[in-house]
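Got the model open in your viewer? Here's a tour, one selection at a time.

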Amino acid sequence: MSKILIVDDEEKIRVLIGKYAKFEGYEVVEAKSGIEAITLCEREHFDIIVMDVMMPELDGFSACKEIRKFSDTPMIMLSARGEEYDRIHGFEVGVDDYIVKPFSPKELMMRITAILKRYGKKYEEREKDVFVSDGVVVDYGAHLVTVDGSKVDLSPKEYDLLVYLIRNKNLAVTREQLITKIWGYDFYGDDRTLDTHIKLLRKALGNYSNKIVTIRGVGYRFEADQGK
């Protein structure tokens with residue numbers, strides 16, 4: 001039984017999500033604040049976290065940053081704010097999905113299921129090779145990316161996206177292929193999620209951002225004249 005941590009200062013929201021989660025067979029733990037969520041994550045394991053952004057004392061983004069210091073538990077952020085800046089900030093601090101309120105509890109359950117499936121398959125095969133292209137180095141075995149010798153911190157989705165583009169280097173990869181491969185057939189988001197991750201990935205690559213080329217009307221290509 002997967003265990004979900006629901007973090008929201010509004011009891012009615014916690015009760016609503018908890019009701020649907022229990023019906024789906026999940027074990028539910030509740031937290032009223034970001035501080036309480038951090039404490040709970042430090043002492044017990046959760047399979048996924050659903051957290052509100054706007055909370056007193058410590059907001060969801062700040063709580064996520066603290067949790068990411070010691071845990072890579074997948075996280076869905078809930079927010080009444082759907083501006084691009086807020087979504088980007090959420091992905092930057094390490095959330096896996098971002099849902100704008102008001103939301104459908106059924107859709108939330110579908111997203112939870114999809115994320116848990118993806119995480120269950122991660123790292124089943126430990127790759128041992130290293131990819132090098134100019135100053136970009138990806139050590140698959142160590143799950144490590146460096147740019148000009150400096151470690152780059154990527155979210156799980158950014159890393160998976162980069163690896164998939166590299167595995168298909170110098171080939172055009174459609175948007176549909178990327179969404180299906182990285183987010184799954186049962187992804188319920190929209191194209192902006194892919195665009196946001198590409199933007200963050202280019203930012204992380206710094207001087208080598210132009211290696212990810214946009215192919216208008218098709219998708220993207222990772223250009224690597226050198227490398228293995």
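Start by selecting residues 130–133 and 136–139, strands β6 and β7: they pair in the antiparallel sense over four bridges. Keep in mind as you click around that this is a predicted model. Now look for S133 in β6; the bridge partner in β7 is V136. The hairpin has two residues between the strands, and D134 there takes a positive phi near 55°.

Stay on β6 and show side chains. Which ones are buried? F131 and S133 are, and they point to one face, while V130 and V132 point to the other and are not buried. That's the textbook pattern: in a regular strand the side chains alternate between the two faces of the sheet.

Next, bring up the five-stranded sheet. It's an open one with parallel pairing, and the strand order is β2-β1-β3-β4-β5. Color β2 (27–31) and β5 (97–100) to mark the edges, since each of them pairs on one side only. Ignoring direction, neighbouring strands here are turned by 20° against each other on average.

Zoom in on β3 (residues 48–52) and β4 (residues 75–79), a parallel pair with four bridges. Click M51, and opposite, in β4, you'll find M77.

Now add the helices that lie across this sheet. Select α1 (residues 11–23): it lies across β1 (3–7), β2, β3 and β4, and runs at about 170° to β2. Then select α2 (residues 34–43), which lies across β1, β2 and β3 and runs at about 135° to β2.

Move on to α4, residues 84–93, and show its side chains. Which residues are buried? D86, R87, I88, G90, F91 and V93. To help you read the helix: an α-helix has 3.6 residues a turn, so residues three or four places apart point the same way. Just past the end of α4, click G94, where phi is positive at about 115°.

Last stop: select α6 (residues 156–167) and α7 (residues 175–183). How do their axes meet? They come within 10 Å and cross at roughly 130°, so α6 and α7 are oblique to each other. The crossing of α6 past α7 is right-handed. To see the contact, show K157, D160, L161, Y164 and L165 on α6, then Q177, L178, K181, I182 and W183 on α7. Color those contact residues by type and you'll get six nonpolar, one polar and three charged.

Conventions
Residues numbered from 1 in each chain as written. Predicted model: local features only at pLDDT ≥ 70, side-chain atom pairs only at ≥ 80, totals over all residues. Heavy atoms only, no water. Buried < 20%, exposed > 50% of the residue type's maximum accessible area, 1.4 Å probe, protein only. Axes fitted to C-alpha atoms, helices over the stretch in contact; angles between N-to-C directions. Parallel < 35°, antiparallel > 145°, perpendicular 65-115°, else oblique. Left-handed = near helix turned anticlockwise from the far one by under 90°. Contact = heavy atoms within 4.5 Å. Nonpolar A, V, L, I, M, F, W, Y, C, P; charged D, E, K, R; others polar. Pairing = 2+ DSSP bridges.
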